[in-house]
Amino acid sequence: VQLQASGRGSVQAGGSLRLSCRTSGRLIKISTMAWFRQTPVNQRDLVARISRGGDTVYADFVKGRFTISRDNAKNTVNLQMNDLKAEDTAVYYCNAAIATEWGKGYDDYWGQGTLVTVSS
């Protein structure tokens with residue numbers, strides 16, 4: 001199973017970007033999907049997560065600006081980022097809890113990371 005993120009880019013403060021992450025490979029079911037971000041000085045922090053049923057949780061620092069969504073039929077998760085700030089500059093990672101075998105449970109999978117740069 002692989003997660004492939006796309007949508008990296010550079011924008012000015014106040015601009016928008018959309019990240020997408022596609023899951024490929026043999027899998028049974030995807031549970032929670034999420035986006036994390038990491039800077040050179042910070043640990044990897046949760047940005048937003050979404051359950052299979054669509055329930056969402058956001059970090060305080062993105063509430064009202066970012067929106068996470070998913071397409072269960074396409075095994076994708078998206079992150080719409082609006083009103084970007086310089087402090088949003090980071091490498092963004094998609095994450096998914098995926099069951100690959102019946103009765104085995106879910107394992108964590110990560111995308112390769114995609115760089116978002118916001119200039120002030």
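How many helices and strands make up the secondary structure of the protein? In this predicted model, the count is zero helices and 11 strands. Along the sequence the pattern is therefore β-β-β-β-β-β-β-β-β-β-β, as strands are numbered from the N terminus.

The overall dimensions were examined next. The radius of gyration is 14 Å, which agrees with the value near 14 Å expected for a compact globule of 120 residues. Along the principal axes, the C-alpha atoms fill a box of roughly 50 × 25 × 25 Å. Of the 120 residues, 40% count as buried. Contacts between residues at least 6 apart in sequence were also classed by separation: 54% of them join residues at least 24 apart.

One open sheet contains four strands, in the order 1-3-8-7. Its pairing is antiparallel. Strand 1 and strand 7 are the edge strands, and each pairs on one side only. From one strand to the next, the twist averages 15°. Strand 1 and strand 3 run antiparallel and are joined by five bridges. Gln2 has Ser24, in strand 3, as its bridge partner.

The largest nonpolar core holds 28 residues. Within this core, Trp35, Val47, Phe66, Val77, Leu79, Met81 and Tyr92 touch the most other members. At least two core residues come from each of strand 1 (2-6), strand 3 (17-24), strand 4 (29-38), strand 5 (45-50), strand 7 (66-71), strand 8 (76-81), strand 9 (90-99) and strand 11 (114-119). Strand 9 supplies the largest share, five residues. Such clustering fits a general tendency: in soluble globular proteins, nonpolar side chains tend to be buried together.

Tyr92 illustrates the packing. Leaving aside residues up to four places away in sequence, Tyr92 touches Leu19, Trp35, Phe36, Arg37, Val47, Phe66, Leu79, Met81, Gly113, Thr114 and Val116. Among these contacts, Trp35, Val47, Phe66, Leu79 and Met81 also belong to the core residues that touch the most other members.

The structure holds one disulfide. It is formed by Cys21 and Cys94, with their sulfur atoms 2.1 Å apart. The torsion about the S-S bond is about 50°, so the disulfide is right-handed. Cys21 lies in strand 3 and Cys94 in strand 9, so the pair ties together parts that are 73 residues apart in sequence. Both cysteines fall under the 20% cut-off for burial: Cys21 is buried, with a relative accessible area of 1%, and Cys94 is buried, with a relative accessible area of 0%.

Notes
Residues numbered from 1 in each chain as written. Predicted model: local features only at pLDDT ≥ 70, side-chain atom pairs only at ≥ 80, totals over all residues. Heavy atoms only, no water. Core = buried A, V, L, I, M, F, W, Y, C linked by side-chain atoms within 4.5 Å. Buried < 20%, exposed > 50% of the residue type's maximum accessible area, 1.4 Å probe, protein only. Contact = heavy atoms within 4.5 Å. Pairing = 2+ DSSP bridges. Axes fitted to C-alpha atoms, helices over the stretch in contact; angles between N-to-C directions. Disulfide = S-S within 2.5 Å. Rg over C-alpha atoms; globule rule 2.2 N^0.38 Å.
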